[in-house]
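I set out to record what I looked up in this structure, entry by entry. The notes begin with one helix and its surroundings and then move outward.

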Amino acid sequence: METFYLKDLMRVVGGKFVKGNPGFSANGVSIDSRTIKKGEVYFAMQGARYDGHDFIKEAINKGAAAVVCSKDKIDFVKSFPDSVSIIKTNDTLISLGEFAKSYRTKFKSIKIAGITGSNGKTTTKEILVSIFNRKGRTLSNKGNFNNRIGIPLSIFNLTSDIEYAVFEMGTSLRGEIKILSDILNPDAGIITNVGFSHLETFISPKGVFEEKKVLFDNVKETGFIVINNDDEFLMTAPQYVSRKIIAFALDVAADVCAKNIKLYSNKMDFEIFYKGTSVKIAMPAKGRFNVSNALAAVACAIGFGFSLDEIKCGIENFMPPKMRMETLVTGTDVVLINDAYNANPSSMKKAIQAVLQSYSGKKINLVLGDMLELGDKSADYHSELGKFINAHDVSSVHLLGEMSFYTKEALNTKNVFHSRNSDSLLTQLKQIPAEDDCVFLFKASRGMKLEKICAEFYNILEQRNK
């Protein structure tokens, strides 16, 4: 982060100086007293399990230049050093966002893309980063820094030597995309798709779309929108926006499309078409849905002026994110696919299809956990998953969690096992005589922590064959 004056921070957040000198400067922002660095401003955030105000003294002892707080009384304020400023605001979460929004406006030359969608946000982001890095230094938000705290903290990493930035935006609450996209004010807005995610809050895909489409309004007037024409909701976007639109699709007409798709166990070959030109791609990922993610990135890169050859280089050199169709191969060639970062009815079906398509002729074993945050219809969605699996040729199905019981009830295949806990699931997996023609897909919502089972099973298989 570049240096700023406390008076500018106070002006943006509408705060009041309780103590200190507005003319002092700071060199960063932190919400964590454990990792704060000397000269940074500490925002005392109030969370469900902690209150940052309890750690103000620790932040000051570690060299905080200033503290932004929202509580009326800080009993030990008089004991703080004179070099520390205290700024009082009504809500530190809102203040963090407002300051990030202001800081973002300092970098008018940086091309910024904002991504949201039910599935594929992170993969699309990483493909874009790989493309953009071919031309200039690129910033992106990491891990789960895609919410009202993570987006501002990521924006604070912008500096004058950065040319491109890509931020994914997640949401589980109504109105969150409006807040995040207003803070970000991107040059390009991407919605990858609309699916069955966070239905506890949004009730239906239509509710998800109503939340996501707010991004359109917060893209710069001179910017553009990237939409998925294969999506029944997003294909209606032209009636909602006045910005330029670049559409992509696999199955219908669009500005950017892919043809001649060939799926393999370690890559995909396909050809990208745009305005009468084309380029052949060998992408180090699996699953037809990842071709769609690549097209979303292609459309955005084209909007920013990249050539198809530059885009080809970026896609072919991108590294798939962890726990997204991440492939582990044992010494005896048993394949374990860790796709346990998250799951909803849409992504679960796509992952299963991807494995079946990429490993034709292999024994496909599904290790699936509960899909969380699906609301009142969760049992129905888990039952539908069982019916979906019935239509495909799989060797065995291993289920974990309370809701996955409904998947088991809907299955009519013989080799189906249901476990209430991780130990029971691992015991079941140990009994499989895994051979070189076996492929195991591990997928569940993040809260199920299925990636740990995947890692343990991998170690068991490696020890078994020593």
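**Entry 1. The surroundings of one helix.** I asked what covers the buried residues of α12, and I found that the cover includes β14 (256-263), α10 (288-303), β18 (335-338), β19 (363-369), α13 (378-390) and β22 (438-443). I note here that the model is a predicted one.

I then looked up how many residues of α12 are buried: the count is 10 of 14, and the helix is mostly covered. I listed the buried residues as Pro345, Ser346, Ser347, Met348, Ala351, Ile352, Ala354, Val355, Leu356 and Ser358.

I also checked the length of helix α12, which runs over residues 345-358. At 1.5 Å a residue its 14 residues should span 20 Å, and because the end C-alpha atoms are 20 Å apart, expectation and model agree.

**Entry 2. Domains and annotations.** I looked up how the chain is divided and noted domain 1 (4-93), domain 2 (107-317) and domain 3 (326-465). The centres of domain 1 and domain 3, taken over C-alpha atoms, are separated by 47 Å.

I consulted UniProt, where an unreviewed entry lists residues 115-301 as "domain: Mur ligase central". In the model this span is 30% helix and 25% strand, and its end C-alpha atoms lie 13 Å apart.

The unreviewed UniProt entry also lists "domain: Mur ligase C-terminal" for residues 323-441. Over residues 323-441 I recorded 36% helix and 24% strand, with 11 Å between the end C-alpha atoms.

**Entry 3. A pair of helices.** I examined helix α3 (residues 92-104) and helix α6 (residues 176-184), whose axes come within 7 Å and cross at roughly 35 degrees. Which residues make the contact? On the α3 side I found Gly97, Ala100, Lys101 and Arg104, and on the α6 side Asp182, Ile183 and Leu184. Sorted by class, the contact of α3 with α6 has 3 nonpolar, 1 polar and 3 charged residues.

**Entry 4. Tyrosine 103.** I stayed with helix α3, where tyrosine 103 is found. Is tyrosine 103 buried or exposed? Its relative accessible area is 2%, so I entered tyrosine 103 as buried, the cut-off being under 20%.

Leaving aside neighbours within four places in sequence, I found tyrosine 103 in contact with Met1, Glu2, Ile155, Phe156 and Leu158. I also noted the pair of tyrosine 103 and asparagine 157, which are 54 residues apart in sequence and 9.9 Å apart in space, C-alpha to C-alpha.

**Entry 5. Phenylalanine 107.** I next located phenylalanine 107 in the loop between α3 and β8 (111-116). With 4% relative accessibility, phenylalanine 107 counts as buried.

Not counting residues up to four places away in sequence, phenylalanine 107 touches Glu2, Leu158, Thr159 and Ser160. Phenylalanine 107 and leucine 158 are 51 residues apart along the chain, and I recorded 7.8 Å between their C-alpha atoms. I note that Glu2 and Leu158 appear in the contact list of tyrosine 103 and in that of phenylalanine 107.

**Entry 6. Leucine 250.** I found leucine 250 in the loop between β13 (244-249) and β14. At 16% relative accessibility, leucine 250 counts as buried.

Which residues are in contact with leucine 250, leaving aside its neighbours within four places in sequence? I listed Asp230, Ala258, Ile261, Arg288, Val291, Ser292 and Leu295. Leucine 250 and phenylalanine 289 are 39 residues apart in sequence, with 9.2 Å between their C-alpha atoms.

**Entry 7. Positive phi values.** I closed by looking up two backbone angles. Asparagine 185 has a positive phi of about 45 degrees although it is not a glycine. I placed asparagine 185 in the loop between α6 and β11 (188-191). Asparagine 185 is partly exposed, with a relative accessible area of 29%.

For methionine 325, a residue other than glycine, I recorded a positive phi near 55 degrees. Methionine 325 is found in the loop between α11 (308-316) and β17 (326-329). Its relative accessible area is 7%, and I therefore entered methionine 325 as buried.

Definitions and conventions
Residues numbered from 1 in each chain as written. Predicted model: local features only at pLDDT ≥ 70, side-chain atom pairs only at ≥ 80, totals over all residues. Heavy atoms only, no water. UniProt positions renumbered as here; feature names shortened; annotations may be inferred. Helix = DSSP H or I, 4+ residues; strand = E, 2+ residues; numbered from the N terminus. Domains from an automatic or database assignment. Axes fitted to C-alpha atoms, helices over the stretch in contact; angles between N-to-C directions. Contact = heavy atoms within 4.5 Å. Nonpolar A, V, L, I, M, F, W, Y, C, P; charged D, E, K, R; others polar. Expected span 1.5 Å × (residues − 1). Buried < 20%, exposed > 50% of the residue type's maximum accessible area, 1.4 Å probe, protein only.
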